[in-house]
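Here is a short guided tour for anyone who wants to get to know this chain before heading to the bench. Keep the sequence and the 3D view open side by side as you read.

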Amino acid sequence: MLLSVKSLEKSYAGAEGSVPVLRGIDMDVATGETLALTGESGSGKSTLLHLIGGLDTADAGTIFLDGHDIAQMDDAGRAAVRRASVGIIFQQFNLIPSLDVTANIAFQARLAGVYDRQEATALATSLGLADHLHKYPEQLSGGQQQRVAIARALAAKPRLILADEPTGNLDEETAAEVMAQMLSLVSQTGSALVMVTHSPRLAGQMGRQLHLRQGQLA
Ligand SMILES: Nc1ncnc2c1ncn2[C@@H]1O[C@H](COP(=O)(O)OP(=O)(O)OP(=O)(O)O)[C@@H](O)[C@H]1O
């Protein structure tokens, strides 16, 4: 199993003490699988994605990713697993403003030690970015910036892609186009995808759907 989460718990400190957000999450994701994570606003979807990506630490439970229990690792250990195995695509693109499109796309692939210039250019071209390779993020539209973020994640050849409402900032037509390109590339590369979405239509395009309610998955 590529990802195996067991009995995962996470609380945040609130004004009246600790507030449980995740109360015993169990989930498995196989290589190449696509999974939608749905749930009401505030149900803990982003929290779960951040724990799986090693961006935050759990209170209890295990998260086996590519054979490593990242729940038991320190920051440096989690960062190493993340660099090697995970690509993250956020709603807010999170591109590096001082780097052009080519350098943004290369960034994570270089960290992972798998950068291939030709492959990266082909990826950018398939996302419609061929004419924008030397532009900076501020010179691009939202849809173009999100395509760069998708290319950046895929160029690093991650076994698992985590996407947090990746098209949430785009108009409907652009969102549909970007999503179709992303799903097609994900299926070509064989990466698994866990995507948070509020859209039942998008969730329906994924292989499996999990719904988060009151801190548990169903
Ligand atoms: N750093 C934090 N400190 C305290 N509380 C937090 C923190 N991050 C999230 N929370 C709380 O945890 C709960 C779950 O938040 P989370 O962002 O995971 O929900 P979500 O399902 O992704 O919501 P949305 O769909 O609105 O993005 C919310 O009640 C939120 O206020």
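Is L133 buried, partly exposed or exposed? L133 has 16 other C-beta atoms within 10 Å, so L133 counts as partly exposed. Please keep in mind throughout that this is a predicted model.

**Around L133**

You will find L133 in the loop that runs between α4 (117-126) and α5 (142-155). Setting aside neighbours within four places in sequence, L133 touches V101, T102 and A124. V101 sits 32 residues away along the chain, yet the C-alpha atoms of L133 and V101 are separated by 4.9 Å.

**The chain as a whole**

Stepping back, the protein chain contains 7 helices and 10 strands. Its C-alpha atoms fill a box of roughly 50 × 35 × 35 Å along the principal axes. How does the radius of gyration fit with a compact globule of 218 residues? Such a globule would come out near 17 Å, and the protein chain has 17 Å, so the two agree. Of the 218 residues, 38% count as buried. Among contacts with a separation of 6 or more, 71% link residues 24 or more positions apart.

UniProt, in an unreviewed entry, lists residues 3-218 as "domain: ABC transporter". Over residues 3-218 the chain is 36% helix and 28% strand, and the end C-alpha atoms lie 17 Å apart.

**Two open sheets**

One open sheet has 4 strands in the order β2-β1-β4-β5, with antiparallel pairing. Its edge strands are β2 and β5 (68-69), each of which pairs on one side only. β1 and β2 make a hairpin with 2 residues between them.

The other open sheet has 6 strands, ordered β6-β7-β8-β3-β9-β10, and its pairing is mixed. Why do β6 (86-89) and β10 (216-217) each have a side without a neighbour in the sheet? Both stand at the edges with a single partner strand, so one side of each is left free of a neighbour there. As a reminder, strands of a sheet pair through backbone hydrogen bonds, in either a parallel or an antiparallel sense.

Three of the strand pairs are set out below.

| Strand pair | Sense | Bridges |
|---|---|---|
| β1 (residues 3-14) and β2 (residues 17-29) | antiparallel | 10 bridges |
| β1 and β4 (residues 60-65) | antiparallel | 5 bridges |
| β3 (residues 34-39) and β9 (residues 208-213) | parallel | 5 bridges |

To line these pairs up in your viewer, a few facing residues help. E9 stands opposite R23 in β2, and Y12 stands opposite V19 in β2. K6 has T62 as its bridge partner in β4. In the 6-stranded sheet, L35 stands opposite R208 in β9.

**The ligand shell**

Which residues surround the ligand? They are Y12, V21, G39, S41, G42, S43, G44, K45, S46 and T47. By class, this shell has 2 nonpolar, 7 polar and 1 charged residues. Helix α1 (residues 45-52) supplies the largest share, with 3 residues. Y12 from this shell is the residue met above opposite V19.

**T197, a loop residue**

T197 is found in the loop between β8 (192-196) and α7 (200-204). Is T197 buried or exposed? There are 23 other C-beta atoms within 10 Å, so T197 is buried. Leaving out neighbours within four places in sequence, T197 is in contact with A36, T38, E165, L202 and A203. E165 is 32 residues from T197 in sequence, while their C-alpha atoms are 5.0 Å apart in space.

**Two positive phi angles**

Finally, two residues deserve a look for their backbone angles. K157 is not a glycine, yet has a positive phi of about 50°. K157 lies in the loop between α5 and β7 (160-164), and counts as partly exposed because 19 C-beta neighbours fall inside 10 Å.

Q214 is also a residue other than glycine with a positive phi, near 50°. Q214 belongs to the loop between β9 and β10. With 11 other C-beta atoms within 10 Å, Q214 is exposed.

Methods: Residues numbered from 1 in each chain as written. Predicted model: local features only at pLDDT ≥ 70, side-chain atom pairs only at ≥ 80, totals over all residues. Near = placed C-beta within 6 Å. Nonpolar A, V, L, I, M, F, W, Y, C, P; charged D, E, K, R; others polar. Buried ≥ 20, exposed ≤ 12 C-beta atoms within 10 Å, placed from the backbone. Contact = placed C-beta atoms within 7 Å. Rg over C-alpha atoms; globule rule 2.2 N^0.38 Å. UniProt positions renumbered as here; feature names shortened; annotations may be inferred. Pairing = 2+ DSSP bridges.
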